[in-house]
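Dear colleague,

Please find below the structure that I am handing over to you. A summary of what was found in it follows.

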Amino acid sequence: MVNMKRHRILIIDDEQNILESLEMFLCERGYEVACASSGLEGIEKNKAFIPDVIILDVRLPDIDGLELLKQLRENNHDKNIIIITAFHDMDTTIKAIKLGACEYIPKPIDIEELETAICRVLKSCTYTEKRTSSPSDISVSYEKGKIIGKSGVMKEIFKSIGMLSENRITVLIEGETGTGKELIARAIHYHSPYKNYPFLAINCSAIVGTLLESELFGHEKGAFTNAIFTKKGKFEIAGEGTIFLDEVSEIPFELQAKLLRFLQEKEFERVGGIKTLKSNARVIAATNKNLWKMVEQGIFREDLYYRLSVANIKVPALRERKSDIPLLTEYLLKKINCELHKNIVRVEERGMKRIMEYDWPGNIRELENILTRAAINTQGDVILDDTISSMLNAKEAISRSIDEGDEILNLHELERRHILHILNRTHWHLGKACSLLGLSRPTLRKKLKIYNLSTGMVK
Ligand SMILES: Nc1ncnc2c1ncn2[C@@H]1O[C@H](COP(=O)(O)OP(=O)(O)OP(=O)(O)O)[C@@H](O)[C@H]1O
Ligand SMILES: [Mg+2]
(Lines give C-alpha, C1' and ligand atoms only; values in the text may rest on other atoms or scores of the structure.)
(Ligands and ions follow the chains in the order given, each with its own letter.)
Protein backbone atom coordinates (compact mmCIF):
# COMPACT_ATOMS: atom_id res chain seq x y z
CA MET A 1 0.00 0.00 0.00
CA VAL A 2 1.56 3.28 -1.04
CA ASN A 3 0.22 6.52 0.34
CA MET A 4 -0.17 9.30 -2.18
CA LYS A 5 -0.43 11.90 0.54
CA ARG A 6 2.69 11.59 2.67
CA HIS A 7 1.41 11.17 6.21
CA ARG A 8 3.85 11.88 8.99
CA ILE A 9 4.54 9.36 11.67
CA LEU A 10 6.57 9.92 14.81
CA ILE A 11 7.90 6.81 16.56
CA ILE A 12 8.90 7.15 20.21
CA ASP A 13 10.70 4.07 21.53
CA ASP A 14 13.96 3.56 23.38
CA GLU A 15 14.78 0.31 21.62
CA GLN A 16 17.04 1.21 18.73
CA ASN A 17 16.29 -1.91 16.69
CA ILE A 18 12.54 -1.29 16.90
CA LEU A 19 13.02 2.31 15.83
CA GLU A 20 15.16 1.29 12.89
CA SER A 21 12.97 -1.53 11.63
CA LEU A 22 9.75 0.44 12.01
CA GLU A 23 11.31 3.45 10.31
CA MET A 24 12.48 1.34 7.41
CA PHE A 25 9.13 -0.41 7.05
CA LEU A 26 7.07 2.76 7.26
CA CYS A 27 9.34 4.70 4.87
CA GLU A 28 8.95 1.88 2.38
CA ARG A 29 5.20 2.23 2.74
CA GLY A 30 5.46 5.87 1.77
CA TYR A 31 5.18 7.54 5.15
CA GLU A 32 7.38 10.36 6.30
CA VAL A 33 8.96 9.16 9.54
CA ALA A 34 10.71 10.77 12.50
CA CYS A 35 12.17 8.84 15.43
CA ALA A 36 12.74 9.70 19.08
CA SER A 37 14.46 7.42 21.57
CA SER A 38 13.35 9.18 24.73
CA GLY A 39 10.30 10.94 26.08
CA LEU A 40 11.90 14.39 26.01
CA GLU A 41 13.10 13.93 22.46
CA GLY A 42 9.57 12.79 21.61
CA ILE A 43 8.08 16.00 22.99
CA GLU A 44 10.57 18.07 20.99
CA LYS A 45 10.00 16.17 17.75
CA ASN A 46 6.26 16.35 18.23
CA LYS A 47 6.48 20.13 18.20
CA ALA A 48 8.91 20.36 15.30
CA PHE A 49 7.69 17.53 13.07
CA ILE A 50 3.92 17.82 13.70
CA PRO A 51 3.08 14.18 12.99
CA ASP A 52 -0.30 12.79 11.92
CA VAL A 53 0.23 9.67 13.99
CA ILE A 54 2.44 8.96 16.99
CA ILE A 55 3.56 5.43 17.78
CA LEU A 56 4.49 5.43 21.43
CA ASP A 57 6.15 2.83 23.60
CA VAL A 58 4.80 3.18 27.14
CA ARG A 59 8.10 2.06 28.64
CA LEU A 60 10.68 4.79 28.27
CA PRO A 61 13.83 5.51 30.24
CA ASP A 62 13.09 9.13 31.16
CA ILE A 63 9.31 9.64 31.28
CA ASP A 64 6.57 7.12 31.97
CA GLY A 65 4.92 6.51 28.60
CA LEU A 66 1.42 7.05 29.97
CA GLU A 67 2.54 10.37 31.46
CA LEU A 68 4.01 11.30 28.08
CA LEU A 69 0.77 10.27 26.40
CA LYS A 70 -1.05 12.69 28.69
CA GLN A 71 1.34 15.49 27.80
CA LEU A 72 1.12 14.82 24.08
CA ARG A 73 -2.67 14.86 24.33
CA GLU A 74 -2.67 18.04 26.39
CA ASN A 75 -0.49 19.84 23.90
CA ASN A 76 -2.32 18.66 20.88
CA HIS A 77 -5.79 17.25 21.25
CA ASP A 78 -6.25 15.83 17.81
CA LYS A 79 -3.17 13.64 17.94
CA ASN A 80 -3.73 10.06 16.99
CA ILE A 81 -1.63 7.96 19.26
CA ILE A 82 -0.92 4.25 19.01
CA ILE A 83 0.49 2.66 22.12
CA ILE A 84 2.96 -0.20 21.95
CA THR A 85 3.88 -2.11 25.03
CA ALA A 86 4.90 -5.47 26.38
CA PHE A 87 2.28 -5.10 29.07
CA HIS A 88 -0.67 -6.19 27.05
CA ASP A 89 -2.92 -6.41 30.06
CA MET A 90 -5.97 -4.58 31.18
CA ASP A 91 -4.38 -1.87 33.25
CA THR A 92 -2.16 -0.32 30.64
CA THR A 93 -4.82 -0.52 27.95
CA ILE A 94 -7.49 1.02 30.12
CA LYS A 95 -5.21 3.82 31.26
CA ALA A 96 -3.99 4.46 27.73
CA ILE A 97 -7.53 4.57 26.37
CA LYS A 98 -8.62 6.90 29.15
CA LEU A 99 -5.72 9.15 28.32
CA GLY A 100 -6.79 9.25 24.72
CA ALA A 101 -4.81 6.58 22.87
CA CYS A 102 -6.67 5.37 19.83
CA GLU A 103 -5.02 2.02 19.31
CA TYR A 104 -3.08 -0.50 21.28
CA ILE A 105 -0.50 -2.94 19.91
CA PRO A 106 1.23 -5.56 22.04
CA LYS A 107 4.91 -6.39 21.68
CA PRO A 108 6.37 -8.20 19.84
CA ILE A 109 4.86 -6.03 17.18
CA ASP A 110 2.94 -7.67 14.40
CA ILE A 111 3.81 -5.34 11.58
CA GLU A 112 0.59 -5.99 9.69
CA GLU A 113 -1.43 -5.28 12.78
CA LEU A 114 0.45 -2.02 13.24
CA GLU A 115 -0.10 -1.03 9.67
CA THR A 116 -3.80 -1.75 9.90
CA ALA A 117 -3.92 0.34 13.05
CA ILE A 118 -2.16 3.24 11.37
CA CYS A 119 -4.60 3.16 8.45
CA ARG A 120 -7.51 3.06 10.82
CA VAL A 121 -6.20 5.88 12.96
CA LEU A 122 -5.61 7.98 9.90
CA LYS A 123 -9.12 7.32 8.69
CA SER A 124 -10.76 7.88 12.02
CA CYS A 125 -10.43 6.87 15.61
CA THR A 126 -13.24 4.36 15.48
CA TYR A 127 -12.29 0.82 16.08
CA THR A 128 -13.18 -2.24 14.06
CA GLU A 129 -12.30 -5.84 14.81
CA LYS A 130 -8.66 -6.43 14.06
CA ARG A 131 -6.30 -9.28 13.50
CA THR A 132 -4.38 -10.23 16.56
CA SER A 133 -0.79 -11.28 16.72
CA SER A 134 0.12 -14.46 18.51
CA PRO A 135 3.31 -13.75 20.37
CA SER A 136 4.43 -16.58 22.58
CA ASP A 137 7.36 -14.97 24.35
CA ILE A 138 5.20 -13.17 26.83
CA SER A 139 5.08 -13.20 30.53
CA VAL A 140 2.36 -12.15 32.92
CA SER A 141 2.56 -11.64 36.62
CA TYR A 142 -0.28 -12.38 39.01
CA GLU A 143 -2.14 -9.41 40.34
CA LYS A 144 -5.56 -9.65 41.95
CA GLY A 145 -8.37 -8.46 39.70
CA LYS A 146 -6.33 -8.38 36.53
CA ILE A 147 -8.24 -9.26 33.35
CA ILE A 148 -6.17 -11.30 30.96
CA GLY A 149 -6.75 -11.28 27.24
CA LYS A 150 -5.13 -10.10 24.07
CA SER A 151 -7.69 -11.29 21.51
CA GLY A 152 -9.47 -8.61 19.52
CA VAL A 153 -12.72 -9.00 21.49
CA MET A 154 -10.93 -8.63 24.81
CA LYS A 155 -9.08 -5.52 23.66
CA GLU A 156 -12.47 -4.10 22.72
CA ILE A 157 -13.68 -4.89 26.23
CA PHE A 158 -10.67 -3.14 27.77
CA LYS A 159 -11.52 -0.10 25.72
CA SER A 160 -15.13 -0.21 26.89
CA ILE A 161 -13.96 -0.47 30.50
CA GLY A 162 -11.74 2.56 29.95
CA MET A 163 -14.58 4.60 28.50
CA LEU A 164 -17.26 3.44 30.93
CA SER A 165 -15.12 4.18 33.96
CA GLU A 166 -15.17 7.81 32.87
CA ASN A 167 -18.93 8.16 33.25
CA ARG A 168 -21.70 6.78 35.43
CA ILE A 169 -24.12 5.29 32.97
CA THR A 170 -25.81 2.00 33.72
CA VAL A 171 -24.07 -1.00 32.17
CA LEU A 172 -25.41 -4.45 31.35
CA ILE A 173 -22.74 -7.15 31.12
CA GLU A 174 -23.86 -10.29 29.30
CA GLY A 175 -21.97 -13.55 29.06
CA GLU A 176 -21.95 -17.21 29.98
CA THR A 177 -21.08 -18.34 33.46
CA GLY A 178 -17.42 -17.92 34.44
CA THR A 179 -16.51 -15.56 31.61
CA GLY A 180 -15.41 -12.74 33.92
CA LYS A 181 -18.49 -10.52 34.16
CA GLU A 182 -17.91 -9.60 37.77
CA LEU A 183 -14.23 -8.99 37.10
CA ILE A 184 -15.20 -6.51 34.38
CA ALA A 185 -17.75 -4.78 36.61
CA ARG A 186 -15.10 -4.35 39.30
CA ALA A 187 -12.60 -3.04 36.76
CA ILE A 188 -15.06 -0.35 35.64
CA HIS A 189 -15.56 0.69 39.26
CA TYR A 190 -11.92 0.58 40.32
CA HIS A 191 -10.76 2.59 37.32
CA SER A 192 -13.35 5.29 37.94
CA PRO A 193 -12.93 8.48 39.97
CA TYR A 194 -15.39 6.89 42.46
CA LYS A 195 -13.11 3.97 43.27
CA ASN A 196 -12.88 4.93 46.92
CA TYR A 197 -16.62 4.50 47.34
CA PRO A 198 -17.93 0.98 47.87
CA PHE A 199 -18.43 -1.63 45.16
CA LEU A 200 -21.34 -3.68 46.47
CA ALA A 201 -22.19 -6.94 44.72
CA ILE A 202 -25.53 -8.57 45.18
CA ASN A 203 -26.58 -11.87 43.69
CA CYS A 204 -30.24 -11.46 42.80
CA SER A 205 -30.78 -15.21 42.51
CA ALA A 206 -29.46 -16.00 45.96
CA ILE A 207 -32.03 -13.96 47.93
CA VAL A 208 -35.78 -14.31 47.70
CA GLY A 209 -38.55 -11.73 47.33
CA THR A 210 -38.91 -9.21 50.13
CA LEU A 211 -35.47 -10.02 51.45
CA LEU A 212 -33.93 -8.97 48.15
CA GLU A 213 -35.97 -5.77 48.17
CA SER A 214 -34.79 -5.08 51.71
CA GLU A 215 -31.20 -5.91 50.79
CA LEU A 216 -31.32 -3.38 47.97
CA PHE A 217 -33.49 -0.64 49.41
CA GLY A 218 -33.45 -1.29 53.17
CA HIS A 219 -36.40 -1.68 55.50
CA GLU A 220 -38.06 0.10 58.38
CA LYS A 221 -38.37 -1.47 61.79
CA GLY A 222 -41.41 -3.78 61.87
CA ALA A 223 -41.82 -3.81 58.07
CA PHE A 224 -42.08 -7.60 58.19
CA THR A 225 -41.53 -10.43 60.66
CA ASN A 226 -37.92 -10.39 61.86
CA ALA A 227 -37.47 -6.73 60.86
CA ILE A 228 -36.45 -5.83 64.39
CA PHE A 229 -34.32 -2.86 63.44
CA THR A 230 -34.37 -0.31 60.67
CA LYS A 231 -31.84 -1.38 58.07
CA LYS A 232 -30.17 0.58 55.31
CA GLY A 233 -30.14 -1.04 51.89
CA LYS A 234 -27.23 -1.36 49.50
CA PHE A 235 -28.31 1.70 47.51
CA GLU A 236 -28.17 3.83 50.62
CA ILE A 237 -24.82 2.42 51.75
CA ALA A 238 -23.16 2.70 48.36
CA GLY A 239 -23.19 6.50 48.26
CA GLU A 240 -21.43 7.45 45.02
CA GLY A 241 -20.23 3.88 44.64
CA THR A 242 -21.37 1.01 42.44
CA ILE A 243 -24.10 -1.57 42.95
CA PHE A 244 -23.37 -4.75 41.02
CA LEU A 245 -26.62 -6.60 40.34
CA ASP A 246 -25.47 -10.09 39.51
CA GLU A 247 -27.96 -12.40 37.78
CA VAL A 248 -30.28 -9.47 37.29
CA SER A 249 -32.68 -11.69 35.30
CA GLU A 250 -33.75 -13.24 38.62
CA ILE A 251 -35.20 -10.04 40.09
CA PRO A 252 -38.87 -10.75 40.78
CA PHE A 253 -41.27 -8.99 38.46
CA GLU A 254 -42.75 -6.77 41.22
CA LEU A 255 -39.31 -5.59 42.28
CA GLN A 256 -38.38 -4.76 38.70
CA ALA A 257 -40.73 -1.74 38.85
CA LYS A 258 -38.99 -0.40 41.93
CA LEU A 259 -35.59 -0.81 40.35
CA LEU A 260 -36.82 0.90 37.21
CA ARG A 261 -38.02 3.83 39.25
CA PHE A 262 -34.65 4.07 40.95
CA LEU A 263 -32.85 4.05 37.61
CA GLN A 264 -35.15 6.77 36.28
CA GLU A 265 -35.53 9.02 39.30
CA LYS A 266 -32.70 7.93 41.63
CA GLU A 267 -35.45 7.67 44.26
CA PHE A 268 -36.80 4.87 46.41
CA GLU A 269 -38.41 4.04 49.75
CA ARG A 270 -37.26 1.46 52.26
CA VAL A 271 -39.57 -1.56 52.63
CA GLY A 272 -42.36 -0.41 54.94
CA GLY A 273 -41.17 3.19 54.73
CA ILE A 274 -42.92 6.30 53.50
CA LYS A 275 -39.98 8.68 53.29
CA THR A 276 -38.53 9.00 49.79
CA LEU A 277 -34.77 8.57 49.77
CA LYS A 278 -32.22 9.41 47.12
CA SER A 279 -29.06 7.64 46.06
CA ASN A 280 -26.40 8.40 43.49
CA ALA A 281 -25.16 4.86 43.24
CA ARG A 282 -24.17 3.62 39.83
CA VAL A 283 -25.70 0.36 38.65
CA ILE A 284 -23.84 -2.34 36.77
CA ALA A 285 -25.89 -5.46 36.07
CA ALA A 286 -24.85 -8.86 34.80
CA THR A 287 -26.68 -11.82 33.37
CA ASN A 288 -25.87 -15.18 31.85
CA LYS A 289 -29.39 -15.49 30.46
CA ASN A 290 -30.70 -14.02 27.27
CA LEU A 291 -32.47 -11.07 28.86
CA TRP A 292 -34.07 -9.90 25.66
CA LYS A 293 -35.66 -13.33 25.21
CA MET A 294 -37.09 -12.97 28.71
CA VAL A 295 -38.54 -9.61 27.65
CA GLU A 296 -40.17 -11.31 24.69
CA GLN A 297 -41.56 -14.00 26.99
CA GLY A 298 -43.03 -11.28 29.19
CA ILE A 299 -41.05 -12.21 32.31
CA PHE A 300 -38.66 -9.27 32.27
CA ARG A 301 -39.82 -5.68 31.87
CA GLU A 302 -38.90 -4.17 28.53
CA ASP A 303 -38.54 -0.67 29.97
CA LEU A 304 -36.17 -1.99 32.64
CA TYR A 305 -34.18 -3.84 29.98
CA TYR A 306 -33.58 -0.58 28.13
CA ARG A 307 -32.72 1.28 31.32
CA LEU A 308 -30.18 -1.35 32.29
CA SER A 309 -28.53 -1.68 28.93
CA VAL A 310 -27.70 1.96 28.32
CA ALA A 311 -24.24 0.53 27.69
CA ASN A 312 -23.78 -3.10 26.91
CA ILE A 313 -20.75 -5.37 27.19
CA LYS A 314 -20.94 -8.84 25.68
CA VAL A 315 -18.28 -11.07 27.16
CA PRO A 316 -17.26 -13.87 24.81
CA ALA A 317 -17.15 -17.50 25.89
CA LEU A 318 -13.65 -18.89 26.31
CA ARG A 319 -14.13 -21.23 23.33
CA GLU A 320 -14.68 -18.13 21.17
CA ARG A 321 -11.31 -16.71 22.13
CA LYS A 322 -9.12 -19.77 22.39
CA SER A 323 -6.07 -17.73 21.40
CA ASP A 324 -6.20 -16.32 24.95
CA ILE A 325 -5.96 -19.75 26.59
CA PRO A 326 -2.13 -20.00 26.75
CA LEU A 327 -1.82 -16.57 28.35
CA LEU A 328 -4.71 -17.27 30.72
CA THR A 329 -3.17 -20.61 31.68
CA GLU A 330 0.14 -18.94 32.42
CA TYR A 331 -1.60 -16.30 34.50
CA LEU A 332 -3.85 -18.72 36.35
CA LEU A 333 -0.88 -20.94 37.21
CA LYS A 334 0.80 -17.93 38.82
CA LYS A 335 -2.38 -17.19 40.74
CA ILE A 336 -2.62 -20.83 41.85
CA ASN A 337 1.08 -20.88 42.83
CA CYS A 338 0.42 -17.93 45.15
CA GLU A 339 -2.61 -19.59 46.68
CA LEU A 340 -1.19 -23.10 47.05
CA HIS A 341 2.46 -22.13 47.63
CA LYS A 342 3.46 -24.17 44.61
CA ASN A 343 5.94 -23.49 41.87
CA ILE A 344 4.27 -24.83 38.74
CA VAL A 345 5.79 -23.33 35.63
CA ARG A 346 3.78 -24.85 32.81
CA VAL A 347 1.58 -27.62 31.46
CA GLU A 348 3.21 -30.30 29.28
CA GLU A 349 2.71 -29.87 25.58
CA ARG A 350 0.06 -32.53 24.93
CA GLY A 351 -1.81 -31.45 28.03
CA MET A 352 -1.84 -27.91 26.68
CA LYS A 353 -3.13 -29.21 23.36
CA ARG A 354 -5.94 -30.99 25.20
CA ILE A 355 -6.74 -27.75 27.02
CA MET A 356 -6.87 -25.91 23.71
CA GLU A 357 -9.25 -28.50 22.26
CA TYR A 358 -11.65 -28.71 25.18
CA ASP A 359 -14.89 -26.72 24.98
CA TRP A 360 -14.83 -25.04 28.43
CA PRO A 361 -18.59 -24.72 29.08
CA GLY A 362 -17.73 -23.22 32.48
CA ASN A 363 -15.26 -20.85 30.85
CA ILE A 364 -12.42 -19.31 32.85
CA ARG A 365 -13.76 -20.48 36.20
CA GLU A 366 -13.68 -24.05 34.89
CA LEU A 367 -10.16 -23.60 33.51
CA GLU A 368 -9.06 -22.26 36.88
CA ASN A 369 -10.67 -25.23 38.67
CA ILE A 370 -9.01 -27.80 36.43
CA LEU A 371 -5.61 -26.15 36.79
CA THR A 372 -6.04 -25.92 40.56
CA ARG A 373 -6.84 -29.60 40.81
CA ALA A 374 -4.01 -30.48 38.47
CA ALA A 375 -1.62 -28.37 40.54
CA ILE A 376 -2.69 -30.15 43.73
CA ASN A 377 -1.90 -33.47 42.06
CA THR A 378 1.47 -32.35 40.72
CA GLN A 379 4.69 -33.03 42.60
CA GLY A 380 7.22 -31.29 40.33
CA ASP A 381 6.98 -27.98 38.55
CA VAL A 382 5.28 -29.19 35.36
CA ILE A 383 1.70 -30.39 35.08
CA LEU A 384 1.80 -33.66 33.15
CA ASP A 385 -0.23 -34.52 30.06
CA ASP A 386 -1.90 -37.43 31.80
CA THR A 387 -3.09 -35.31 34.71
CA ILE A 388 -4.92 -32.95 32.37
CA SER A 389 -6.21 -35.66 30.05
CA SER A 390 -7.64 -37.82 32.79
CA MET A 391 -9.44 -34.87 34.35
CA LEU A 392 -10.91 -33.62 31.10
CA ASN A 393 -11.87 -37.15 30.04
CA ALA A 394 -13.65 -37.63 33.36
CA LYS A 395 -15.47 -34.31 32.90
CA GLU A 396 -16.65 -35.30 29.46
CA ALA A 397 -17.69 -38.73 30.70
CA ILE A 398 -19.68 -37.28 33.56
CA SER A 399 -21.55 -34.88 31.34
CA ARG A 400 -22.47 -37.85 29.15
CA SER A 401 -23.49 -40.08 32.02
CA ILE A 402 -25.59 -37.61 33.96
CA ASP A 403 -29.01 -39.05 34.58
CA GLU A 404 -27.83 -42.47 33.38
CA GLY A 405 -28.01 -45.61 35.55
CA ASP A 406 -30.69 -46.99 37.80
CA GLU A 407 -28.64 -48.03 40.81
CA ILE A 408 -30.46 -48.07 44.18
CA LEU A 409 -28.79 -45.44 46.36
CA ASN A 410 -29.20 -44.67 50.04
CA LEU A 411 -30.20 -41.10 50.90
CA HIS A 412 -26.72 -40.05 51.94
CA GLU A 413 -25.15 -41.23 48.73
CA LEU A 414 -27.96 -39.65 46.76
CA GLU A 415 -27.37 -36.32 48.51
CA ARG A 416 -23.62 -36.54 48.01
CA ARG A 417 -24.01 -37.23 44.29
CA HIS A 418 -26.62 -34.54 43.85
CA ILE A 419 -24.49 -31.90 45.57
CA LEU A 420 -21.53 -32.90 43.44
CA HIS A 421 -23.65 -32.85 40.32
CA ILE A 422 -24.89 -29.32 41.08
CA LEU A 423 -21.36 -28.16 41.92
CA ASN A 424 -20.12 -29.47 38.61
CA ARG A 425 -23.01 -27.90 36.76
CA THR A 426 -22.30 -24.54 38.33
CA HIS A 427 -18.58 -25.09 37.89
CA TRP A 428 -18.13 -24.82 41.63
CA HIS A 429 -19.82 -21.45 41.91
CA LEU A 430 -20.79 -21.87 45.54
CA GLY A 431 -23.33 -19.03 45.49
CA LYS A 432 -25.19 -20.56 42.58
CA ALA A 433 -24.94 -24.05 43.98
CA CYS A 434 -26.46 -22.79 47.26
CA SER A 435 -29.37 -21.23 45.49
CA LEU A 436 -30.01 -24.30 43.31
CA LEU A 437 -29.74 -26.64 46.29
CA GLY A 438 -31.71 -24.36 48.58
CA LEU A 439 -28.90 -24.40 51.13
CA SER A 440 -27.12 -21.62 52.98
CA ARG A 441 -23.39 -21.27 52.44
CA PRO A 442 -22.43 -22.55 55.92
CA THR A 443 -24.65 -25.62 55.41
CA LEU A 444 -23.15 -26.31 52.03
CA ARG A 445 -19.65 -25.96 53.46
CA LYS A 446 -20.55 -28.38 56.24
CA LYS A 447 -21.81 -30.90 53.71
CA LEU A 448 -18.68 -30.52 51.58
CA LYS A 449 -16.70 -31.45 54.64
CA ILE A 450 -18.92 -34.37 55.59
CA TYR A 451 -18.83 -35.81 52.09
CA ASN A 452 -15.17 -34.94 51.64
CA LEU A 453 -15.84 -32.97 48.47
CA SER A 454 -13.32 -30.45 47.17
CA THR A 455 -13.02 -27.99 44.29
CA GLY A 456 -13.14 -29.52 40.87
CA MET A 457 -14.01 -33.11 41.85
CA VAL A 458 -15.97 -34.85 39.17
CA LYS A 459 -16.85 -38.20 40.71
N1 LIG B 1 -10.02 -12.48 31.61
C2 LIG B 1 -9.75 -13.02 32.80
N3 LIG B 1 -8.50 -12.98 33.28
C4 LIG B 1 -8.21 -13.55 34.47
N5 LIG B 1 -9.08 -14.17 35.26
C6 LIG B 1 -10.35 -14.23 34.84
C7 LIG B 1 -10.75 -13.65 33.59
N8 LIG B 1 -12.07 -13.84 33.45
C9 LIG B 1 -12.48 -14.52 34.54
N10 LIG B 1 -11.46 -14.75 35.37
C11 LIG B 1 -11.54 -15.49 36.66
O12 LIG B 1 -12.52 -16.50 36.48
C13 LIG B 1 -13.39 -16.58 37.61
C14 LIG B 1 -14.80 -16.26 37.21
O15 LIG B 1 -14.93 -14.88 36.88
P16 LIG B 1 -16.23 -14.03 37.28
O17 LIG B 1 -16.72 -14.41 38.65
O18 LIG B 1 -15.98 -12.61 37.01
O19 LIG B 1 -17.22 -14.65 36.18
P20 LIG B 1 -18.78 -14.37 35.95
O21 LIG B 1 -18.95 -14.14 34.50
O22 LIG B 1 -19.25 -13.32 36.90
O23 LIG B 1 -19.40 -15.80 36.29
P24 LIG B 1 -20.91 -16.17 36.80
O25 LIG B 1 -21.86 -15.84 35.68
O26 LIG B 1 -20.82 -17.64 36.99
O27 LIG B 1 -21.15 -15.38 38.04
C28 LIG B 1 -12.82 -15.62 38.64
O29 LIG B 1 -11.94 -16.31 39.49
C30 LIG B 1 -12.06 -14.62 37.80
O31 LIG B 1 -11.02 -14.03 38.54
MG1 LIG C 1 -20.58 -13.55 38.56
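Accessible areas in this message come from the Shrake-Rupley method with a 1.4 Å probe. On that basis, the chain exposes about 22,300 Å², and carbon and sulfur atoms supply 51% of this area. Please bear in mind throughout that this is a predicted model.

The chain as a whole

The chain has 459 residues, of which 51% count as buried. Its secondary structure consists of 19 helices and 16 strands. Among the contacts in the chain with a separation of 6 or more, 68% are accounted for by residues 24 or more positions apart.

The surroundings of ligand 1

Ligand 1 is surrounded by 22 residues, and the closest are Ile148, Thr177, Gly178, Lys181 and Lys432. By character, the shell divides into ten charged, six polar and six nonpolar residues. Three helices, α7 (181-190), α13 (325-340) and α15 (363-376), each supply at least two residues of this shell.

Where does ligand 1 lie with respect to domain 2 (161-314) and domain 3 (320-401)? Both domains give residues to the shell, so the ligand lies between them.

Two of the closest residues also appear among the polar contacts of the ligand. A polar side-chain atom of lysine 181 lies 2.6 Å from an oxygen atom of ligand 1, and a polar side-chain atom of lysine 432 lies 2.9 Å from an oxygen atom of the ligand. For glutamate 182, a polar backbone atom is involved, at 3.1 Å from an oxygen atom of ligand 1. On its own, ligand 1 has 630 Å² of accessible area, and the protein covers 90% of it.

The position of alanine 238

One further residue was examined, namely alanine 238, which is placed in helix α9 (residues 234-238). Is alanine 238 buried or exposed? Its relative accessible area is 0%; because buried means under 20%, alanine 238 is buried.

Which residues is alanine 238 in contact with, leaving aside its neighbours within four places in sequence? They are Tyr197, Pro198, Leu200, Ile243 and Ala281. For tyrosine 197, the separation from alanine 238 is 41 residues in sequence, while the C-alpha to C-alpha distance is 6.9 Å.

With kind regards

Notes
Residues numbered from 1 in each chain as written. Chains lettered and ligands numbered in written order. Predicted model: local features only at pLDDT ≥ 70, side-chain atom pairs only at ≥ 80, totals over all residues. Heavy atoms only, no water. Helix = DSSP H or I, 4+ residues; strand = E, 2+ residues; numbered from the N terminus. Buried < 20%, exposed > 50% of the residue type's maximum accessible area, 1.4 Å probe, protein only. Contact = heavy atoms within 4.5 Å. Near = heavy atom within 4 Å. Polar contact = N/O pair within 3.5 Å; in protein donor to acceptor, adjacent residues only side chain to side chain. Nonpolar A, V, L, I, M, F, W, Y, C, P; charged D, E, K, R; others polar. Domains from an automatic or database assignment.
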